[in-house]
Amino acid sequence: QVQLVESGGGLVQAGGSLRLSCEASGRTFSRYRMGWFRQAPGKEREFVAAIVWSSGSTSYADSVKGRFAISRDNAKNTVYLQMNSLKPEDTAVYYCAAQSSLFADFGSWGQGTQVTVSS
């Protein structure tokens, strides 16, 4: 099991930026891909971005392409989500998750960090 701790959320005005961090510990050798998801009030959790740990290959939801960037720091076992040009509709609790292999679910989750974008 991988333990994940998110940080970096907060309140920002529309058009502003935030960077979220997610530090992994525990069975980090079993980590294939890490991702960010978000859940807004009254909505289902949705995929935001993911990165394959070994190759750095990334994927994004259409709603954040060109505005958000996911990256990782191998030495720090940390994945980041740089969020630029934030919109009120980006307001949500953001969760970090880890996937142990290509065909596995995202089985390890962090506690979440709140991002609020004011208009």
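## Salt bridges, a disulfide and a sheet

The side chains of D62 and K65 come together in a salt bridge, with N and O 3.2 Å apart. That is a value from a predicted model, as is everything that follows. D62 sits in the loop between β6 and β7, and its side chain also counts as making a polar contact with the side chain of K65, again at 3.2 Å. Is D62 buried or exposed? With a relative accessibility of 66%, D62 counts as exposed, because the cut-off for that label is over 50%. To place D62 with respect to another part of the chain, take L20: the two residues are 42 apart along the chain, and their C-alpha atoms are separated by 19 Å.

The D62 and K65 pair has company, since the count of salt bridges comes to four. One of them joins R67 to D90, where the closest N and O atoms are 2.8 Å apart. This pair ties together distant parts of the chain: R67 is in the loop between β6 (58–60) and β7 (68–73), D90 is in the loop between β8 and β9, and 23 residues lie from one to the other. R67 has a relative accessibility of 11%, so it counts as buried, the limit being under 20%. For D90 the relative accessible area is 0%, so D90 is buried as well.

D90 also meets a second arginine. Its side chain forms a salt bridge with that of R38, at 2.9 Å from N to O. Here, too, distant parts of the chain are linked: D90 belongs to the loop between β8 (78–83) and β9, while R38 belongs to strand β4 (residues 33–39), 52 residues away. R38 is buried, just as D90 is. Put E46 into the picture and there is a whole network of salt bridges, made up of R38, E46, R67 and D90.

Not every buried charged residue has a partner like that. Take R31, found in the loop between β3 and β4. R31 is buried but has no salt bridge, and the nearest side chain of opposite charge, that of E23, is 9.3 Å away. What does the side chain of R31 make a polar contact with? The partner is the side chain of N77, at 3.2 Å.

E6, in strand β1, tells a similar story with a negative charge. It is buried without a salt bridge, and the nearest side chain of opposite charge is R45, 8.7 Å off. The side chain of E6 does have backbone neighbours, though. A polar atom of this side chain lies 2.8 Å from the backbone nitrogen of C96, and the backbone nitrogen of Q111 lies 3.0 Å from a polar atom of the E6 side chain.

C96 brings up the next feature. A search of the whole structure turns up one disulfide, and it joins C22 to C96, with the sulfurs 2.1 Å apart. The cysteines come from distant parts of the chain: C22 is in strand β3 (residues 18–26) and C96 in strand β9 (residues 92–99), 74 residues apart. In general, a disulfide is a covalent bond between the sulfur atoms of two cysteines. Which hand does this one have? The torsion about the S-S bond of C22 and C96 is about -80 degrees, so the disulfide is left-handed. Both cysteines, C22 and C96, are buried.

Strand β3, home of C22, is also part of a sheet. Four strands make up this open sheet, in the order β1-β3-β8-β7, and they pair in antiparallel fashion. At the edges are β1 (2–7) and β7, each of which pairs on one side only. From one strand to the next, the twist averages 20 degrees. Between β7 and β8, which run antiparallel, there are six bridges, and I70 stands opposite L81 in β8.

Strand β9, where C96 is found, pairs with strand β10 (residues 106–109). Three bridges join these two antiparallel strands, and W109 in β10 is the bridge partner of A97. Together β9 and β10 form a hairpin, with six residues between them.

Conventions: Residues numbered from 1 in each chain as written. Predicted model: local features only at pLDDT ≥ 70, side-chain atom pairs only at ≥ 80, totals over all residues. Heavy atoms only, no water. Disulfide = S-S within 2.5 Å. Buried < 20%, exposed > 50% of the residue type's maximum accessible area, 1.4 Å probe, protein only. Pairing = 2+ DSSP bridges. Axes fitted to C-alpha atoms, helices over the stretch in contact; angles between N-to-C directions. Polar contact = N/O pair within 3.5 Å; in protein donor to acceptor, adjacent residues only side chain to side chain.
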